[in-house]
Every structure is written in structure tokens, then in C-alpha cells.
Amino acid sequence: MQAAQSLIALLLAVSVIAALAKRIALPYPILLVIGGVLLGFAPFAPSERLDPDLILLLFLPPLLYADAFHTSWIDFRRWLRPIVMLSTGLVAATTLAVGAVARYFAPELPWSVALLFGAVVSPTDTVAAQAILERIRMPRRFTAILGGESLVNDATGLVGFQMATLVALSGVFDAGEVATSFAWVSLAGIAVGLAVGWLAARANRMVHDTQVLFALSVLAPYVAYVICTHLGVSGVLAVVTAGFYVSWRIHEIPADSRFQLYTVWELAVFLLNGFCFVLIGLELPRLREGLERYDASFLAAFGVATSLAVILARLVWVYPGAYLPRWLSRSIREREPRPRLREVLVVGWCGMRGVVSLAAALSIPLTLPDGAPFPGRDLVIFGVLCVICATLLLQGLTLEPLIRALGIRTAALSDDEERAARIELVKTALAHLGELRASSRCESGEIERVEAAQRARLVQLEGQNELREQLRADFDGAHQRRAQLSLLGAQRRKLLELRDREVINDLTQLRLQAELDLEEMRLTR
């Protein structure tokens, strides 16, 4: 009963704080953390603590799976080099920098635990950044690199965390064995993700019941993660890979089911993120007992120093990472546009930590194999929470003013791409109407009315200044539905062709596909 009451209290807190965040125009993850801290000191605060072994399993798979759906695979491949630079090189640099700072302030920490701490805070969390960036139209390259980095560094950071945990538990470090294990864990995780993604996509084609489809979509990331847990390989890479694969084949699901799946998943992800950010705040008051042996001034210095190490490591890394490869490689200079200094600065400032770091920190084992307490566990969790709060509050609250002060605006590429895709869809509809007229499958009057509306839409799109005009034809008679439904099928096929030819990216395809789904649902009601 107490657990149920705590769950209700958390749900209420998430709802109230998120609603308040919209009223005061503050990114909701930041306010959720603040609310969690205040809630943690309240006498009626939830007293239950999640089993550390369940933290990663409970929260990470669905959140990472959803993130993969909101990341363009085409853009991911296009900007793979800077993504890898940030998600591998920067993760390693952050791990070493934070580990060194932690050892300096707490020499009693074994190096394995200090590096474990660094690995835990190395992955960025895009939830807070997305909450800010969605209000500001940014260049697509910018958002593609940040989103791809977050997905991959979740995997590399958590693999590093797993390696450091094994070293801390065993007390044995072998560089060759660690490198071999890293390669095996990563490649096997990707293989498991491909297998689960293929099976999930096959199931999506066979099942037509929306409730069953949702259950399968929730099951897929957990299956991938659990299989990898038993095999001892990267569940994060498996979940992300499965998500990429299924999102690429999501067009095979019926339109109404696809629309409902997106809606339900959006709500589920919001609640999971809300619970996680509130838990970040709740954990701070709960650490008081474990930290009583440390002096308050030491804890303050430790928290500030490790937070600065995380922030400065990123800022120091992004500039040589952006320009040095261009200086060394002519092919990179020819293939990639030169990033502007102010854009690199914003990428360096988008280093907020959040759900992934919290889940990893709380999953640190309580004891060593011999039953002794895990060395420095409470101090590491305290440091992780300080880093999360510092980056969310300092960088999160200043990111939007910084972007506006630097005058960064969206590039025309995404808008022009979407507009061109809309024009192609209307031209496809007109060509399909010509085929219908030739085959006599529809009445001529019916075709003429639909064709007139499509031609008017084409003129509007080709001459409009507003690039996000809704692609929606004005067909309301029941007698026109057959022609319009036939057009929607032709337009969906054209969208897939444009995506596969990389004329548009997969996020643009999904956005326009959702509009076609809505139109089909309107016509078939």
C-alpha cells in the first residue's frame, strides 16, 4: 500500500511540476529536479527506494528505444564522424578528467571507482536540451549531431561503466582484456539489436490489433536488453539498434495503429522521464546518512570540482574535435561544411546530464563479492547528482539565452527539403489521378474535383512563403473518398522512395507520413 501511495505521489508531482513549467516557460526537466529536491526534504516524501539492479532495466530500454525513433538514421550516417568524435573520444576524455579530479579530492577511492564515476557522468542527456531546442529552430546538422551523440555515448559511457564495475569488483585490470571485452560487448550488442529489430518488424507486419502492437513495441526494447544482460554484452547498443531498425520499417503498420502508437509512446516517455528527473532530486536528501563522515566543505568542493571537470572537458574537446580533422584531411574539408565558432560553442554548452547517469549511478552494486561495502558508492552517487544538477541548472537555464545572443538561426535545408517533398507528393497525386482516369476506376466528376484541389495545392506550395503549410486536400464528400484513399497510398510510396534515395531524411518522412495517416483516419471515420 505504501508503495502505491508513493507512486501516486510521484505521478502527482510530475503532473503539477510539468504543468507549472509550461506556465513559466522553463524546461520541465530542470523544474522536475528542483521539485524533487524540495519533495525529498518534505516529511511526506516517498520513502521507498528502487532496487539498484532494477534501475537500468526499468527505465533505460524504453527511453533509449524512443530516442532511436526520434533520431534520423540518414542524418546519423551523414554526420557520423563528428558524432563518433563526441561519443567516443569525448567520453574517454571526460572519464579520465573526472576520474583524475575525483582521485585528487578523495585519494582513498580506487582508480577503478574513480574512473567508474567518470564513465557514469560521460553520457549526455538530450531531454533537457530538446525541451529548449524545440522552442528555437536550429540548423539540422546541429540537432542531428547532438541527437546522434547522445544515443552513441549512452552506449560507450555505459560500456565503460560496466568495464570499470567489473574491475572494481574483481580488483584485476588487464588493458588487452578490457579492449577485447569492449569490442565483444559492442559488436555482440549491435548483433542482438539487429536480430530483435528484425523480429519486431516482422511481427508488426503480421499483427493488426493496435493494443497488441503497443504491447510488442514495449516488449522489444526489454527483450533486447534482457538478452544482452544474460550474454554480458551491451544492452544499450542493442536497444538503440533495434529502435533504428524498427523505425525504418514503421511504415508497414496500418495508419491508425501507427498514429495511436506514437501518441501512447509520447505519453509513456514523458512519464518515465518525469519519474527519473524527480528521482534525481529525491536522491539528494537520501544520501545524508551515507555522507555524514565527510565534511560539508569537502563535499561542496568535490561536487563543484567534478561538475567543472565535466563542463570544461567538453568545452576543451569540441574545438579541436571540430577543426583539427578538417586541417588534417582534405576529404573532410570537401565533404563537410566548416562549422562556425559560435555553433561549436553551443555544442560544447549542450552537455546536460540526466536520466542515463542517474540510472547508472543508482545501479552501482551495494557490496563487493566478499560482502564488504562497495568503496565510495555514496560519494560517487553524490558526485553524479551534483553533476546532473549543475549541468541542468547552469547550462540548461543559460542555453536558450546563449543561442539567442549568438544569433544562431535555422538553416533553410530542412524547410526546403520538406517543401520539396510536399510538392513531390502533390505531383504524385496528380499523376495517380491520371492513371485512375485512364483506367475508369473512378467517376470522371469525382476525379475532376479531387484534381482541382490538388492543382490548387500545388500552386500554393510552389508560390508560398510559409513552408510548413499543412498538406491537406479539401475533400469532404463520401463519393470522393475512394479517390483520396488511393492517392494516399501512392503518396506514401513516393515518400518511401524519397527517403530511400535520401532526398529527404527519415524524420521528414515520418512527419509527412503522420499527416497522411491523419488524413486517412479522417476519411475512414
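**The lining of the largest cavity**

Begin with the residues that line the largest cavity of this predicted model. By class, this lining consists of 13 nonpolar, five charged and one polar residue. The cavity itself has a volume of about 310 Å³. To find its middle, select P82, I145, A322, P339 and V344, which are the closest to the centre among the 19 lining residues.

Next, colour the helices α5 (80-105), α8 (140-170), α13 (296-328) and α15 (341-349), each of which supplies at least two residues of this lining. Which helix gives the largest share of the lining? Helix α13 does, with five residues. A search of the whole structure finds six cavities of 30 Å³ or more. As general background, rolling a probe the size of a water molecule over the atoms shows where empty space is left.

**Residue L80**

Stay with helix α5 and select L80, which lies in it. Is L80 buried, partly exposed or exposed? L80 counts as partly exposed because its relative accessible area is 38%, and the partly exposed range runs between 20% and 50%. Now add A144 to the selection. Along the chain, L80 and A144 are 64 residues apart, while 9.7 Å separates their C-alpha atoms.

**The second largest pocket**

Move on to the second largest pocket, which holds about 590 Å³ of space. Select L56, F161, Q162, Y225 and T229; of the 20 residues that line this pocket, these lie nearest its centre. The elements that give two or more residues to the lining are α3 (52-69), α8 and α10 (210-231). Helix α8 gives the most, with six residues. By class, the lining of this pocket divides into 13 nonpolar, six polar and one charged residue.

**The largest nonpolar core**

Keep F161 selected and add Y65, L116, F117, L379 and V384. These are the residues with the most contacts inside the largest nonpolar core, which has 118 residues. Helix α17 (residues 377-406) provides the largest share of this core, with 13 residues. In soluble globular proteins, nonpolar side chains tend to be buried together.

Centre the view on L116. What does L116 touch, beyond residues up to four places away in sequence? The residues in question are F161, A164, T165, I364, F374 and V380. Apart from the largest core lies another, of nine residues, among them L488, L495, I504 and L516.

**Residue K494**

Turn now to helix α20 (residues 481-500), and select K494 within it. Is K494 buried or exposed? K494 is buried because its relative accessible area is 15%, and buried means under 20%. Show its surroundings as well: leaving aside neighbours within four places in sequence, K494 is in contact with E424, L425, T428 and R501.

**The whole protein**

Finally, clear the selection and view the entire model. The protein has 21 helices and zero strands. Of its 525 residues, 55% are buried. Among contacts between residues at least 6 apart in sequence, 83% join residues at least 24 apart. As a last step, display the surface: the protein exposes about 23,700 Å², and carbon and sulfur atoms supply 64% of that area.

Note on methods:
Residues numbered from 1 in each chain as written. Predicted model: local features only at pLDDT ≥ 70, side-chain atom pairs only at ≥ 80, totals over all residues. Heavy atoms only, no water. Core = buried A, V, L, I, M, F, W, Y, C linked by side-chain atoms within 4.5 Å. Buried < 20%, exposed > 50% of the residue type's maximum accessible area, 1.4 Å probe, protein only. Helix = DSSP H or I, 4+ residues; strand = E, 2+ residues; numbered from the N terminus. Contact = heavy atoms within 4.5 Å. 1 Å grid on protein atoms, 1.4 Å probe; cavity = no way out; pocket = protein on both sides within 12 Å on 5 of 7 lines; lining within 4 Å. Points joined across faces, edges and corners; volume = space filled by probe spheres on them. Nonpolar A, V, L, I, M, F, W, Y, C, P; charged D, E, K, R; others polar. Areas by Shrake-Rupley, 256 points an atom, 1.4 Å probe, with all protein chains shown as cover.
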